[in-house]
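Here is a short tour to read alongside the coordinates. Take a look at the fold before going on.

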Amino acid sequence: MKKIAIIGSGNIGLSLAKGLVKANFVQAGNITLTRRNLSHLQPYQEAGFQISSNNNEAVKTADIVILAVLPQQLNAVLDEIQPAIDPAKHLVISVISGVSCAAIKEKLGADVQVVRSMPNTAIAIGQSMTCIASDNASANNLAEVTQMFETVGSVVKINEDLMTSATALCACGIAFFLRAIRAASQGGVEIGFHADEALKMAVQTAKGAADLLLLHKTHPESEIDKVTSPKGCTIAGLNEMEHNGFSSSLIKGIKLSALKAGNLYTKEG
Ligand SMILES: NC(=O)C1=CN([C@@H]2O[C@H](COP(=O)(O)OP(=O)(O)OC[C@H]3O[C@@H](n4cnc5c(N)ncnc54)[C@H](OP(=O)(O)O)[C@@H]3O)[C@@H](O)[C@H]2O)C=CC1
Ligand SMILES: O=C(O)[C@@H]1CCC=N1
C-alpha cells in the first residue's frame, strides 16, 4: 500500500484523509498529516494517523505528496520540501487553488510529476466532485490519481486552464448550495416550522432534488416542469425568486469566485 503525506492538514487536507481511510483506499497509519501547530492534529494521531510538523521527513517517507496549504503559504513549503523530493519516487498532487502545475515544477524541478486536483469538502463522506489536470504526469500516475479520487466521489479530467472555473463551481459550490439550504430553512421558519425541523426538511428536499437529476439523468428544468402546476404555488414562488435575481446572483457569484480563484497566488509569495 502506498504511503501518503498531506502537507497542510487543515479543512480540505483532513477531509481528504478521512475520506481515503473511510473508503479503505489507504490505512490511517500510511498517511502522515503535517501542519505547524500539531496540537490540532492530536485527535488524528489517536485515530491512527501519523502526524508531524516536519514536512521534509513526511515527504521522505511518502510515495504520494499532497500539497494542501493556502496559496500564500505555498512558496515557503515548496522551498522547504524541494531537497526531499525525488522525481523517481514521488508523485505530487496539489489541491491548491490558483497554482499551476508549471509553477510547482518551477520550484520542485521540471522532472517532478505533478497532478492538480480540485476536490470539495464532501470528500470526507465519499461524495466529492473532484476535477483533475496535469501537463506531465504519466498515464499510470493519472490513472492512479483518478482511482484514488474515485474512491471518494466523482472525478472529471479537465484541461488545466479550466481549473479555476472548477474551483468556483465545485469546491466553492459546496458552500453556495449549503447557503441555499440555510436560506430555505429560514423561509421554513417564517412559515411556521421550528428551526430544527425546517432544516431537516430543507436538507432532505435538496438531497431529493440532486438525486432526481443524478438518477433520472434529466435536466433541472424538466424536473421543475413536473412540480409547477398551472396557476400553482410553485411557479408563483419560483418567479418571485427570479424577479429578485435568484439565478443571476448564483451566476454572478460563481463568476466572481472563479476570477478570485485565479488571483490567489503570486510566485513572489
Ligand atoms: N477548504 C476547501 O473546501 C478547499 C480548499 N482547497 C485549497 O486547499 C488549500 C487549503 O485550504 P483549507 O484547507 O481551506 O485551508 P486551511 O487553512 O484550513 O488549511 C491549511 C493548513 O496548512 C497548514 N500549514 C500552513 N503552513 C504550513 C507549513 N509550512 N507546513 C505544514 N502545514 C502548514 C495550516 O496549519 P498550521 O497553521 O498549523 O501550519 C493549515 O492547517 C487552499 O489552497 C485551498 O485553495 C481546495 C479545494 C477545497
Ligand atoms: O475559499 C477558498 O479559497 C477555497 C478554495 C475552494 C474552496 N475553498
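The report below moves from the overall layout to the ligand shell, the core and a few single residues.

## Overall layout

Please keep in mind that this is a predicted model. The protein has 269 residues, and buried residues make up 32% of them. Its secondary structure comes to 12 helices and 8 strands. Taken along the principal axes, the C-alpha atoms fill a box of roughly 70 × 40 × 35 Å.

Two domains divide the protein: domain 1 covers 4-158 and domain 2 covers 173-261. Over C-alpha atoms, the centres of domain 1 and domain 2 are separated by 33 Å. Among contacts in the protein with a separation of 6 or more, 64% involve residues 24 or more positions apart.

## What the record adds

An unreviewed UniProt entry lists residues 3-97 as "domain: Pyrroline-5-carboxylate reductase catalytic N-terminal". In the model, the chain over residues 3-97 is 33% helix and 20% strand. The end C-alpha atoms of that stretch are 24 Å apart.

## Around ligand 1

Which residues come nearest to ligand 1? Of the 27 residues around ligand 1, the nearest are G8, G10, R36, N37 and S97. By residue class, the shell around ligand 1 divides into 13 nonpolar, 12 polar and 2 charged residues.

Helix 1 (11-22) and helix 4 (74-81) each supply at least two residues of this shell. The largest share of the shell comes from helix 1, with 3 residues.

## The nonpolar core

The largest nonpolar core holds 54 residues, and those touching the most other members are A5, I6, I7, V65, I66, L67 and V92. Helix 1 gives the most to this core, with 5 residues. Helix 1 is thus a good element to highlight in your viewer, since the largest share of the shell around ligand 1 also comes from helix 1.

L67 is a handy residue to follow from here. Leaving aside neighbours within four places in sequence, L67 is in contact with I7, G8, L74, V77, V92, S94, V95 and I96. One of these partners, G8, is listed with the residues that come nearest to ligand 1, while I7 and V92 are listed with the core residues that touch the most other members.

## A buried strand residue

Now to V114, found in strand 6 (residues 113-118). Is V114 buried or exposed? V114 is buried, because 26 other C-beta atoms lie within 10 Å and the cut-off for a buried residue is 20 or more.

Apart from its neighbours within four places in sequence, V114 is in contact with V92, S94, C101, I104, K105, S134, N136 and A137. V92 and S94 also appear in the contact list of L67. For a longer reference distance, the C-alpha atoms of V114 and N75 are separated by 16 Å, and these residues are 39 residues apart along the chain.

## Two positive phi angles

Two loop residues deserve a look if you check backbone torsions. N24 is a residue other than glycine with a positive phi, near 60°. N24 sits in the loop between helix 1 and strand 2 (31-34). With 8 other C-beta atoms within 10 Å, N24 is exposed.

K231 likewise has a positive phi near 60° in a residue other than glycine. The place of K231 is the loop between helix 10 (220-227) and helix 11 (233-243). K231 is exposed because 7 other C-beta atoms lie within 10 Å, and the cut-off for an exposed residue is 12 or fewer.

How values were computed. Residues numbered from 1 in each chain as written. Chains lettered and ligands numbered in written order. Predicted model: local features only at pLDDT ≥ 70, side-chain atom pairs only at ≥ 80, totals over all residues. Near = placed C-beta within 6 Å. Helix = DSSP H or I, 4+ residues; strand = E, 2+ residues; numbered from the N terminus. Nonpolar A, V, L, I, M, F, W, Y, C, P; charged D, E, K, R; others polar. Domains from an automatic or database assignment. Contact = placed C-beta atoms within 7 Å. Core = buried A, V, L, I, M, F, W, Y, C linked by C-beta atoms within 7 Å. UniProt positions renumbered as here; feature names shortened; annotations may be inferred.
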